[in-house]
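Visitor: I'm new to this structure, and I'd like a close look at just one part. Could you walk me through the largest pocket and what surrounds it?

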Amino acid sequence: MKKFNVIVILSALLIGCTDLEENPEGILAPELLSSTVADVQAAVNGAYANLAHENYWGRKISLSILLRSDMCDIGNPSTAGRRQDVNNFNMLANNGMTEAFWPRSYIVIGAANQAIGIANGLDVDEAEINPIIAEAYFVRAFAYYHLVRLFGDVPYLEDAVSDATTLDVLERTPEDEVYANIISDLQFCKEWLPMEQPDRGKPFSATAMAYLASVYLTIGEYQNAYNEAKAIIDNESGFNLGLETDFQNLFLGDSEIIESLREPLFTLDFISQENSGLFGDDLLPPLTGISGDQTEGRGAGGGWSVAVPNINVYDRWNGRDYRKRVSFDTVATIAGQNVRFTEFKAADPGNGAVVDRPHIAKYTRQINAAGSGRFSDNDYVMMRYAEVLFIAAEALNEITPGAQEATDNINRIRERARNFGGTVSDYPPDLPANLSKDQMRDSIIEERRLELAFEMKRWYDIKRLQLGPEVFGPQGLEPHANFDAGRDYLMPLTTTQLNINPELGQNPGY
């Protein structure tokens, strides 16, 4: 077990001493620290709950990652400026998206550190406590993995905080050290998490290996990335993993359906509960849904048409690909009429939000909840087995160009894409053998773009491969003339944090 000297945890981090004084319930006094295994698990559960908060995956961080890519553009022209600025590379330090998800990220981390701290004080056999500690390490690694890719150097908190004033003088931890800490946490998870969990809302050992593979791929350690991904593939049946037969089933949202699938490695569970203080508040359906849509099953009142793909994304996707059909809604019931996307505005001319473009269907196709799906019980797949196959293929291509194994991994994903509703098509065809290293890399990245469309993966691919000038250029899917490669691969640190601690420093160009 890793050892930490932990006294107390703040439930709200990096928000300034004034707020801490006004909200003392955010601090646990030493005498109130819990002392049972059940309390460790409760603290871990608190970390999970914060992942599903409106200020984290419920809206703020998920939408930011989605809009930052070349796969999703602004639809409603009157939507909040903070969203448009993320999409259009016009962010300032006081952007409301980062001002929300930066502190929520550290609340997640704080809850994980609290669990670790409580566990450290228990006299319990490591076989009993370490699997629970590993859950805390996983959640902490998950939060930092997003922070470091979005901001670069970030303060790394390994211990819970005992003195609020220490938050005012935090330094940013170099990016490579943050990655090293993430890897260390995930290696602990790999060792101590079980081979299986009751459901995929909790990580198991293959989950840790998959995220390790992703981290290694991100930092260019291709052999390690391949080793982790290959170890999962070689023990696919032991981990009860595989590709779902029908691609559509991955995006039906219903908990019972998602929990029955073998493909997810980690899911984030939302709870259909109003007035929950933004916990479990699922905004992806309304944010991506068609404004004014009355189609049964897509939520009451339609969506808000905020995050809508640029028409190029739709037009350049081969219509024979079943995944295109799954990924887009092109027809809606508006003002009592079933209309195609080219007629959305004409069907509801007074609706200034609706836009004549296909909308994302992965979060709206089957929603059984009030408020445009806002209070849904969706389960979102955060990591799935197809991505492991991609990682293994990409990493192997960098190590051993021309390896048939890499081609086979991609063809396995393409084979699944040819199967829809029990009908098998001839598209997409298998990749040809003997592609060059560059051809294979391009094929893999393009296949990732299609297979993982709108799943908050594309921006990270653009960043790690430095594709910005290409994908946001005049011939890109979503041209942005002001994209600046010296600035826009990172987001700005928030004004609030810099006012508290100017020593943090701002990212270049902001």
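**Around the largest pocket**

Guide: Sure, let's start with its lining: by class, there are 21 nonpolar, 7 polar and 11 charged residues. Here Ala, Val, Leu, Ile, Met, Phe, Trp, Tyr, Cys and Pro count as nonpolar, Asp, Glu, Lys and Arg as charged, and the others, Gly among them, as polar. Bear in mind that this is a predicted model, where local features need pLDDT of at least 70, side-chain atom pairs count only at pLDDT 80 or more, and totals for chains, interfaces and linings use all residues. Residues are numbered from 1 along each chain as its sequence is written, and side-chain values use heavy atoms, leaving out hydrogens and water.

In all, 39 residues line the pocket, with Met-382, Glu-455, Met-456, Lys-457 and Tyr-460 nearest its centre. (A pocket is an open set of points on a 1 Å grid over the protein atoms alone, where a 1.4 Å probe fits, with protein on both sides within 12 Å along at least five of seven lines; lining residues have an atom within 4 Å of a point.) The strand β8 gives the most, with 5 residues, and among the other elements supplying at least two are α6 (126–151) and α18 (458–464). Strands are DSSP runs of E, at least two residues, and helices are runs of H or I, at least four, numbered from the N terminus.

Now look at Tyr-460: the charged end of Arg-149 sits over its ring, 3.6 Å from the centre. That label needs NZ of Lys or CZ of Arg within 6 Å of the ring centre and within 35 degrees of the ring normal.
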